[in-house]
Amino acid sequence: MTFEVVKDLSAGLYFFNGKRQTIQGSETFPVYEARSGEVVAQCPSADAAHVDKIVDLAAEAQPQWGRLTPIERGKVLNRVADLIRQHLEELAVWEVKTNGKPITEARIDIEASADMFQFYAGVAPAVLKGDYFDLPSENQTRFAYTRREPLGVVGCIGAWNYPFLLCVWKIAPALAGGNAVVFKPSPFAPASPVLLGELLKAAGLPDGVYNVVQGEGKTGEALCLNEKIAKVSFTGSVGTGKLVQQNCAKRSVKPVTLELGGKSPLIIFEDAEISNAISASILANFFNQGEVCTNATRVFVHNSLVEKYTGELLEVLKKLQVGDPLHEETKVGATINEPHLKRVLGFVERAQAQGAKVLRGGQRVHPEGVEKGFYFDPAVITNLKDDMEIVKDEIFGAVLLILPFEDEAEVIQRANNTSYGLAAGLYTKDVGRAHRVAAKLQAGTVGTKQQNQPYEIFGCKITYALGMLVEHTVWLQNSKPAQFLSIPTTIAM
Ligand code: NAD
């Protein structure tokens, strides 16, 4: 198994027929490196005809892959996991260049991606099994059983904040279930799924089973409308998610998984261990430049702690290094692109105009050596009202909002005052309160631990795990509507 990580994008950003290639498209989009602000490639966008052709190739390839047993497919996925680990450092550097996140975080994403392939290789044989039912009959002569079958070709549409890992979250379970995949990344971070194509090929995945198309909204729409696409898995904003769901029901009726945005609360009660709560707040807001769906941007702090919390937080943040994401000591890298940086800055400016007070950051910065990149100094903001735009809408940037509160009932009501409900976190030493409040928070996941473990602090990280489990259940268990067969009594035992 020989494999070399690509050195540049010159061979194209499409992946089909088992190799990297390009297409002749009438429209192109620029591919930016967030870290340096440079355009590193021009990529043609796929129109509906291109998408349909690549879906056809996937449809041709899928039956052979789908006929393999889960254990045979798992061998390929395990080999991908091995290859990822062998090339972890080179892949992490690519991820930094693709997205702008610090190298220390990119390594975590790549390692987690290897774990995902290994996990689904292992879990698929256990999950992909049918059921057996006895039917009413004399002498037990009638019975029924279900079989698990792949859906066929599935369409995946990704966001840009975890380009490699997010692609793996979708494709590892889909491939383990015997499906073929056509993946459309965000045009803001198009390279990672192509690297994955090369890894899958080297691990022995048959040509045509995994494919990457590139483009913006129109390309995604063509994927949703294609009648050979049996299911769509989407990650992105709420607005786009609604369009995806509509388009998936336009020509045919196909199932959709939507993983959308958030505006999560983190509640710090009066008995919280303050240094843990501060670490949690930083991780929940500034990890990945704040470009995390589960970011706990609304930090509710008990009135009795606000002064101490704010003072200590600002002190800790004096050491926060914003800079070249390839440097080991960098904690906050580059925002994905210029328009998104302006979007984040716009939220801060409008909040200030409405009376909010910026205690630190909130401006564009130009770190030495990467001056043209898209860097934002993480903001801490106070003097807010719950009905301000910055408190209500998803920013998807490094902006921590301090919202004082007085009592439990009040903070639960305010924390729940959002249409997102993706995640929540709370800090208290009172276990009874932790369970009571967690039960009342309307969020997909609530983190209630005091310990400073990344996935516990986030609450958010747990959400990823749960979202992923939902995803794998959907792919593996609903691989196809189960067939329900009744065996005629004449041949039944
Ligand atoms: P986005 O909605 O702008 O785009 C997401 C993807 O949809 C992109 O690939 C885009 O090209 C594509 N797209 C755009 N229009 C389309 C259409 N009409 N039909 C089909 N596809 C279309 O989101 P984004 O800016 O890329 O990502 C940020 C959003 O993603 C945030 O809201 C964030 O919270 C969310 N997100 C959620 C999760 C989760 O697991 N819940 C994870 C990561 C990001």
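How many nonpolar, polar and charged residues does the shell around the ligand have? By class, that shell is made up of 13 nonpolar, ten polar and five charged residues. The model described here is predicted.

## Ligand site

The ligand is surrounded by 28 residues. Gly158, Ser237, Thr240, Leu260 and Glu394 are the closest of them. Several polar backbone atoms face the ligand. One of these, in Gly158, is 2.7 Å from an oxygen atom of the ligand. In Gly236, a backbone N or O atom is 3.3 Å from an oxygen atom of the ligand. Leu260 has a polar backbone atom 2.8 Å from a nitrogen atom of the ligand.

On its own, the ligand has 860 Å² of accessible area, and the protein covers 88% of it. Three elements give two or more residues to the shell: helix α7 (217-225), strand β10 (229-235) and helix α8 (238-247).

## Nonpolar cores

The largest nonpolar core has 86 residues. Within this core, Ile84, Phe117, Ile171, Leu196 and Tyr210 touch the most other members. Separate from it is a second core of 62 residues, with Ala280, Ala284, Ile390 and Leu426 among its members. As a general tendency, nonpolar side chains in soluble globular proteins are buried together.

With neighbours within four places in sequence left aside, Ile84 contacts Leu91, Ile110, Ser113, Ala114, Phe117, Phe164, Leu196 and Leu199. Two of these partners, Phe117 and Leu196, are also listed with Ile84 as touching the most other core members.

## Two buried serines

Ser113 is one of the contacts of Ile84. Helix α4 (residues 103-127) holds Ser113. Ser113 counts as buried because its relative accessibility is 0%. Apart from residues up to four places away in sequence, Ser113 touches Ile84, Phe164, Leu165 and Val168.

Ser192 is in helix α6 (residues 192-203). With a relative accessibility of 0%, Ser192 also counts as buried. Its side chain makes a polar contact of 2.7 Å with the side chain of Glu95. Beyond residues up to four places away in sequence, Ser192 touches Glu95, Thr98, Pro163 and Phe164. Phe164 is thus a contact of both Ser113 and Ser192.

## Gly262 and Cys293

Gly262 lies in the loop that runs between β11 (256-259) and β12 (265-268). Its relative accessible area is 5%, so Gly262 is buried. Leaving out neighbours within four places in sequence, the contacts of Gly262 are Cys293, Glu394, Tyr420 and Leu422. Glu394 is also among the residues closest to the ligand. Between Gly262 and Ala424, which are 162 residues apart along the chain, the C-alpha separation is 9.8 Å.

Cys293 belongs to the loop between α9 and β13. Cys293 is buried because its relative accessible area, 16%, falls under the 20% cut-off. Cys293 and Gly262 are 31 residues apart along the chain, and their C-alpha atoms are separated by 5.3 Å.

## Gly323

Where does Gly323 lie? Gly323 is in the loop between α10 (306-317) and α11 (338-353). Since its relative accessible area is 6%, Gly323 is buried.

Gly323 is in contact with Thr330, Val332, Gly333, Pro367 and Tyr375, when neighbours within four places in sequence are left aside. Ala284, a member of the second core, is 39 residues from Gly323 in sequence and 19 Å from it in space, C-alpha to C-alpha.

## Two asparagines with positive phi

Most residues other than glycine have a negative phi. Asn17 has a positive phi, near 55 degrees. Asn288 likewise has a positive phi, about 55 degrees, although it is not a glycine.

Which of the terms buried or partly exposed applies to Asn17? Asn17 counts as partly exposed because its relative accessibility is 38%. The loop between β1 (14-16) and β2 (19-21) contains Asn17. Asn288 is found in the loop between α9 (274-286) and β13 (298-302), and Cys293 lies in the loop between α9 and β13 as well. At 0% relative accessibility, Asn288 is classed as buried.

Key: Residues are numbered from 1 along each chain as its sequence is written. This is a predicted model: local features need pLDDT of at least 70, side-chain atom pairs count only at pLDDT 80 or more; totals for chains, interfaces and linings use all residues. Side-chain values use heavy atoms; hydrogens and water are left out. A nonpolar core is a set of buried Ala, Val, Leu, Ile, Met, Phe, Trp, Tyr and Cys residues joined through side-chain atoms within 4.5 Å. Buried means under 20% relative accessible area, exposed over 50%, partly exposed in between (1.4 Å probe, protein chains only). Contact means heavy atoms within 4.5 Å. A residue is near a molecule or strand if one of its heavy atoms lies within 4 Å of it. A polar contact is a pair of N or O atoms within 3.5 Å; within protein, one must be able to donate a hydrogen and the other to accept it, and residues adjacent in sequence count only if both atoms are side-chain atoms. Accessible areas come from the Shrake-Rupley method with a 1.4 Å probe; for residues, only the protein chains shown count as cover. Helices (H or I, at least four residues) and strands (E, at least two) are DSSP runs, numbered from the N terminus. Ala, Val, Leu, Ile, Met, Phe, Trp, Tyr, Cys and Pro count as nonpolar, Asp, Glu, Lys and Arg as charged, and the others, Gly among them, as polar.
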